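Here is a short tour of one chain for you to follow on screen. Please keep the sequence and the 3D view open side by side as you read.

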Amino acid sequence: MAINSDVHAPEQVTLSRDLGFFDIAMIGVGAMIGAGIFVLTGVAANEAGPALILAFLLNGVVTTFTAMAYAELGSAFPEAGGGYLWVKEGLGGANGFLSGWMSWFAHAVAGSLYGLGFGHFALELWDLAGIPTLGISETVWVLFFTTSIIALFTYINYRGASETGTVGNVVTIAKVIILGLFVVFGIIALFQADNWANERFLDDFTPNGLGGIVVAMGLTFIAFEGYEIIAQSGEEVMDPKRNIPRAIFVAIAIVVVIYIAVAFVSLGAVEDPDGGPTYIFLGEQGETAVVEAAGQFMPAGTVLLLISGLASTMSALNATTYSSSRVSFAMGRDHNLPSFFSRIHPVRHTPFWAVGISGAFMIIMAWALPIEDVAAAADIMFLLLFLQVNVAVMTLRQKMPDLDRGFVIPWFPAVPIIGLLTNLGLAIYLFTFSPIAWYVAIGWLVVGALAYYTHFSRIEEMEKPTDILHEEVLVSRDFSVLIPVDNVEEAETLGLIGSLVAGHNGGEVLALHVAEVPPQLSLTDGRYFLKEGREYLETVIQVAKKRDVPVHTMIRLGRNVAESVRKTAVENASDMIVLGWPGTTSSSGRVFGSVIDPIVDNPPTDIAVVRHRKITGPIRSILVPTAGGSNSRRARDLAVVLAKQYNNLNPGAEPVRIVLFSVLPQNARESARVRIQKMLENLVKSNHYPHIEMESAESDNASDRIVKESAAHDMVIMGASEEPLFENILVGNVPEQVARRAAVTVIMVKRRSSPVHDFLRKTVLEPTTGASVKRDINGNRKNGKNGKNGKNGHNGESAPQPPETPAAGVEGR
């Protein structure tokens, strides 16, 4: 099967940039001063008591950890989609889809919550005005007002971003002014009361203990998600690198102060007519608790707070309608929802289908669930989304370290890890408040997973522009050895080693050439590299043909060669990658170079890095230096495979000898000698190759001794140093120095990363490559933690350097 692909750039669907700093800051404030103040203060006070003040403060702190992730990523990826876009970029696949699926649901459900809040406030105002209800029940009137206001703001968002921002600014400023008056009159009333501090706060500050505080935090966390909406607006913001981080932090600061002040005066200035605790009275009032509070100490307080409540829920509804439509628009553009979600109105330049469907979704949810469960279900979705974003910000630091970020998280990775853990803890604890909300959340996730795996994943794959220029598969085999090639000499060397390993396992060689497309060219221009790559692949085919090993060939386009190699290994389930290294690199701060280092740092499969020297005669002896561990066993296994294959190719010649070699420090303890002896014996006994021997020597410089010993052999195969769980090591100082200085071919072997180590390498652990690696003129590390001036943990003089010979390698750059 042969595939030759033309790469076509997809048509760009974008939004216009009309929003300034003040606009998006007000969108964030408008979204955050809504449910938490007017709809959920009473419910949360019933859970936390006077400690509601502490719950709001802690929510502000917890929010800031995740908000930093949003500030960094929002400034780096100023596009519609927000958290969905970043999780898709950082984690990909199902994680990306589910983040958007949850974000759309959470914003739509939050919008229905604000709509319900508006409905309750409107009915209260209706009653105060003395307008007859015409015999219609209160529930029906609430739903009527809810449906009407959601429909109105759906239309406003259809009109355009500038109209949305103008309306939002006016409404947000109005409610902040009214809340300011509420706080002022509340403080006046508070200081006119006797012994208010003890009676209202200190005597029973935490009536339901820490658990009540945590439940209140989880319940009101939805009120602090407005910064997510700021990030959603990235594609329509002017100067997003500067404005998005500023707007996020300014909005959170304003909101936390207002929340704490309103909670303080509500709990301190309000009295229960029946003489009971204030927090219980507020809890009984439910979503109208703040309105009832205003009626006690503020002139015309009930009317003003009802108006403010209407304004607050309207601005929050405006913001969530905007946000839910933008994330569904982004998903439609990425083929993760039907394509009509991504359609832009030709005149309004708004995603009119996404706006309309999101508005209808809000109305359905408002009619379907009670208000407390609506809030809790949205909270859970936001918390799970924020958890994913904290993971994504860590993975994107690793994948895209040079990305232009307008804001960079300090104390990395501690901040996103704390954000991740607090989000997870709050989400789990919400089960104690509303099991129904968790059931709704799980049901929505299951539906999303089924939709993705049965339909959208296939559509996404079909619509994605291919980066494979050429692919030819003669026969498919279960075992695959991937060899990336970049020149003819490399193709000959790696083709030989790859075909020997594949032949022993009844497998195939996957010969890959990555055409690296420079940034100034479009990816489609990479097709001009097709002819160049064919020559290298044809060389591998000829080498493997002599050993009757099938070759699967591929030419792939890529901006980053290492990522393209990794992607090919994962997509084809390769069992081993064989990389060539010329012994030098021009990449500053790299050990093996810009291609090999990232792959070896976190191997997607077993890795063999070949430092090739010109072989003048047949292979008769292979040296396997070992210190024990899984990488040493893989080195021994590879030596056995190559030895058997060489023996089969030369049936009349003397069998290839394998020498397992271990270096002990001078004057080593007897216990160390016994341990090394047992390790060597186990390595000999646990294989079925008869021509294997074991030797040991003493030296205060392990790499010098191995280099000296290698002169008596034709090849060296050694395992990478074993890695502690929370530390990254490429191959280790000793294997690296032996590869640099030995006069024979050296192959360094490293096993694939475990799932735990893979996750840590992609998130928490810093890459092992960097400018901090300094070397002398011979390539030795200078002043490293493993020794000084190139010494490898022991004192001694460096062995003489062999003369350089031309060598194959994907590197050198």
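## Strand β3 and its partners

In this predicted model, Val481 stands opposite Val509 of strand β4. The two strands, β3 (residues 480-484) and β4 (residues 508-516), run parallel and are paired over five bridges. To get from β3 to β4, the chain passes through helix α20 (residues 488-504), and this β-α-β crossover is right-handed.

Val481 also has a bridge partner in β6, namely Met576. Here, too, the pairing is parallel: β3 and β6 (residues 576-581) are joined over two bridges.

How many residues of β3 are buried? Five of its five are, leaving the strand mostly covered. In a regular strand, side chains alternate between the two faces of the sheet. On one side of β3 you will find Ser480, Leu482 and Pro484, on the other Val481 and Ile483, and both faces are covered.

## A nonpolar patch on the surface

Now turn to the outside of the chain. Phe22, Ile173, Ile177 and Leu181 make a nonpolar surface patch of about 360 Å². Helix α8 (residues 161-192) gives the most to this patch, with three residues.

Phe22 belongs to helix α1 (residues 21-32). Its relative accessibility is 43%, so Phe22 counts as partly exposed, the range between the 20% limit for buried and the 50% limit for exposed.

## Backbone features worth a look

Most residues other than glycine have a negative phi, and most peptide bonds are trans. Against that background, three places in the loops are worth a visit.

The peptide bond from Phe412 to Pro413 is cis, with omega near 5°; Pro413 sits in the loop between α17 (371-399) and α18 (414-429). His335 has a positive phi, near 65°, and is found in the loop between α15 (301-333) and α16 (352-368). Because its relative accessibility is 24%, His335 counts as partly exposed. Ala573 has a positive phi as well, near 50°, and its place is in the loop between α22 (561-571) and β6.

## The chain as a whole

Stepping back, the chain holds 28 helices and 12 strands. Of its 813 residues, 57% are buried. The exposed area comes to about 32100 Å², with carbon and sulfur atoms supplying 58% of it.

Finally, consider contacts between residues at least 6 apart in sequence: 83% of these join residues at least 24 apart.

Conventions:
Residues numbered from 1 in each chain as written. Predicted model: local features only at pLDDT ≥ 70, side-chain atom pairs only at ≥ 80, totals over all residues. Heavy atoms only, no water. Buried < 20%, exposed > 50% of the residue type's maximum accessible area, 1.4 Å probe, protein only. Helix = DSSP H or I, 4+ residues; strand = E, 2+ residues; numbered from the N terminus. Pairing = 2+ DSSP bridges. Right-handed = clockwise from strand over helix to strand, strands pointing away. Patch = residues over 30% accessible without salt bridge, like charges linked within 9 Å, V, L, I, M, F, W, Y side chains within 5 Å. Areas by Shrake-Rupley, 256 points an atom, 1.4 Å probe, with all protein chains shown as cover. Salt bridge = Lys/Arg side-chain N within 4 Å of Asp/Glu carboxyl O. Contact = heavy atoms within 4.5 Å.
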